Amino acid sequence: MAKKITILNGPNLNLLGNREGDIYGTVGLAEIEAACLDECARFDFELAFFQTNSEGELVTQIQEAGANGDGLIINPAAYSHTSVALHDAIRAINIPTIEVHLSNIYARETFRHHSYISPVATGTICGLGPTGYILAIGALATQIPE
Ligand code: DQA
């Protein structure tokens, strides 16, 4: 049976393509979703792809992914640096979880150097732009049990 993976995107990522192009580039979220769908086909993964600006909605989606999915990729955006609720939600689920950031958060302002998500993620990819999402799908393929 196809494995089900979820890709969650946090606040302001709906603006990709029009947002701080020098940092986030020109590729929009719809293009990233399309590339992820192609990559998922290589692994026979079923993909659910979401963006929300709401922290509570991300918690709900993490719980849903944990209850009904096999793997999670999350770019929590600014909530990475603030959210104990997202940290706890990821701790509470039992599926491999890859944290992705488009930019290299360690090469930016110091308030971005700490992530509440990294300690509870299986692994983290940052600084590689949209390619990070593609690599994260390949990473899940190695982490999801048969
Ligand atoms: C981001 C990095 C965060 O610091 C920032 O708040 C974002 C996007 C990234 O993908 O590089 O919104 O998660």
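1. Isoleucine 90 counts as buried in this predicted model, because its relative accessibility is 3%, which falls under the 20% limit for that class. The residue lies in helix H4, and its contacts, once residues up to four places away in sequence are set aside, are with Ile62, Ile74, Thr97, Ile117 and Val120. Alanine 65 stands 25 residues from isoleucine 90 along the chain, and the C-alpha atoms of the two are separated by 9.9 Å.

2. Helix H4 itself, which spans residues 84-92, has Leu86, His87, Ala89 and Ile90 as buried residues. These four cover an arc of only 165 degrees around the axis, and they are therefore placed on the same side of H4. Arg91 and Ala92, by contrast, are exposed on the other side of the helix. The cover over the buried residues of H4 includes helix H3 (55-68), together with strand E3 (71-75) and strand E4 (97-101). The general background is that an α-helix has 3.6 residues a turn, so residues three or four places apart point the same way.

3. The start of H4 deserves a separate remark, since a side-chain oxygen of serine 83 reaches there to within 3.4 Å of the backbone nitrogen of alanine 85.

4. The packing of H3 against H4 can be described by an angle of about 5 degrees and a distance of 9 Å between the axes. That angle makes H3 roughly parallel to H4, because angles under 35 degrees are placed in that class. On the H3 side the contact is made by Glu55, Leu58, Val59 and Ile62, and on the H4 side by Ala85, Leu86, Ala89 and Ile90.

5. Isoleucine 74 belongs to strand E3, and with a relative accessible area of 0% it is buried. Apart from residues up to four places away in sequence, isoleucine 74 touches Leu8, Ile62, Ile90, Thr97, Ile98, Glu99, Val100 and Ile117; Ile62 and Ile117 also appear among the contacts of isoleucine 90. Measuring from C-alpha to C-alpha, isoleucine 74 and glutamine 51 are 9.9 Å apart in space, while 23 residues apart in sequence.

6. Glutamine 61, whose place is in helix H3, counts as buried at 13% relative accessibility. With residues up to four places away in sequence not counted, glutamine 61 touches Leu8 and Phe50, and Leu8 is also one of the residues that isoleucine 74 touches. Glutamine 61 and serine 80 are 19 residues apart in sequence, and their C-alpha atoms are 15 Å apart in space.

7. A second helix pair is formed by H2 (residues 29-43) and H5 (residues 131-143), the axes of which come within 9 Å and cross at roughly 25 degrees. The two helices are therefore roughly parallel to each other, and H2 passes H5 in a right-handed crossing. The residues that meet are Ile32, Ala35, Cys36, Glu39, Cys40 and Phe43 in H2, and Tyr133, Ile134, Ile137, Gly138 and Ala141 in H5.

8. Two backbone angles may be worth a look, given that most residues other than glycine have a negative phi. Glutamate 20 has a phi near 35 degrees, a positive value in a residue other than glycine; this residue lies in the loop between strand E1 (3-9) and helix H1 (21-24), and it is partly exposed, with a relative accessible area of 41%. For aspartate 44 the phi is near 60 degrees, which is likewise positive in a residue other than glycine. Aspartate 44 has its place in the loop between H2 and strand E2 (45-51), and with a relative accessible area of 52% it is exposed.

9. Threonine 26, found in the loop between H1 and H2, counts as exposed at 68% relative accessibility. If its neighbours within four places in sequence are left aside, threonine 26 is in contact with Gly17 and Glu31. From C-alpha to C-alpha, threonine 26 and leucine 16 are 7.1 Å apart in space and 10 residues apart in sequence.

Definitions and conventions:
Residues are numbered from 1 along each chain as its sequence is written. This is a predicted model: local features need pLDDT of at least 70, side-chain atom pairs count only at pLDDT 80 or more; totals for chains, interfaces and linings use all residues. Side-chain values use heavy atoms; hydrogens and water are left out. Buried means under 20% relative accessible area, exposed over 50%, partly exposed in between (1.4 Å probe, protein chains only). The arc is that of the directions from the helix axis to the C-beta atoms. Contact means heavy atoms within 4.5 Å. A polar contact is a pair of N or O atoms within 3.5 Å; within protein, one must be able to donate a hydrogen and the other to accept it, and residues adjacent in sequence count only if both atoms are side-chain atoms. Axes are lines fitted to C-alpha atoms, for helices over the stretch in contact, and angles run from 0 to 180 degrees between N-to-C directions. Angles under 35 degrees count as roughly parallel, over 145 as roughly antiparallel, 65 to 115 as roughly perpendicular and the rest as oblique. A crossing is left-handed if the near helix is turned anticlockwise from the far one by less than a right angle, and right-handed if clockwise.
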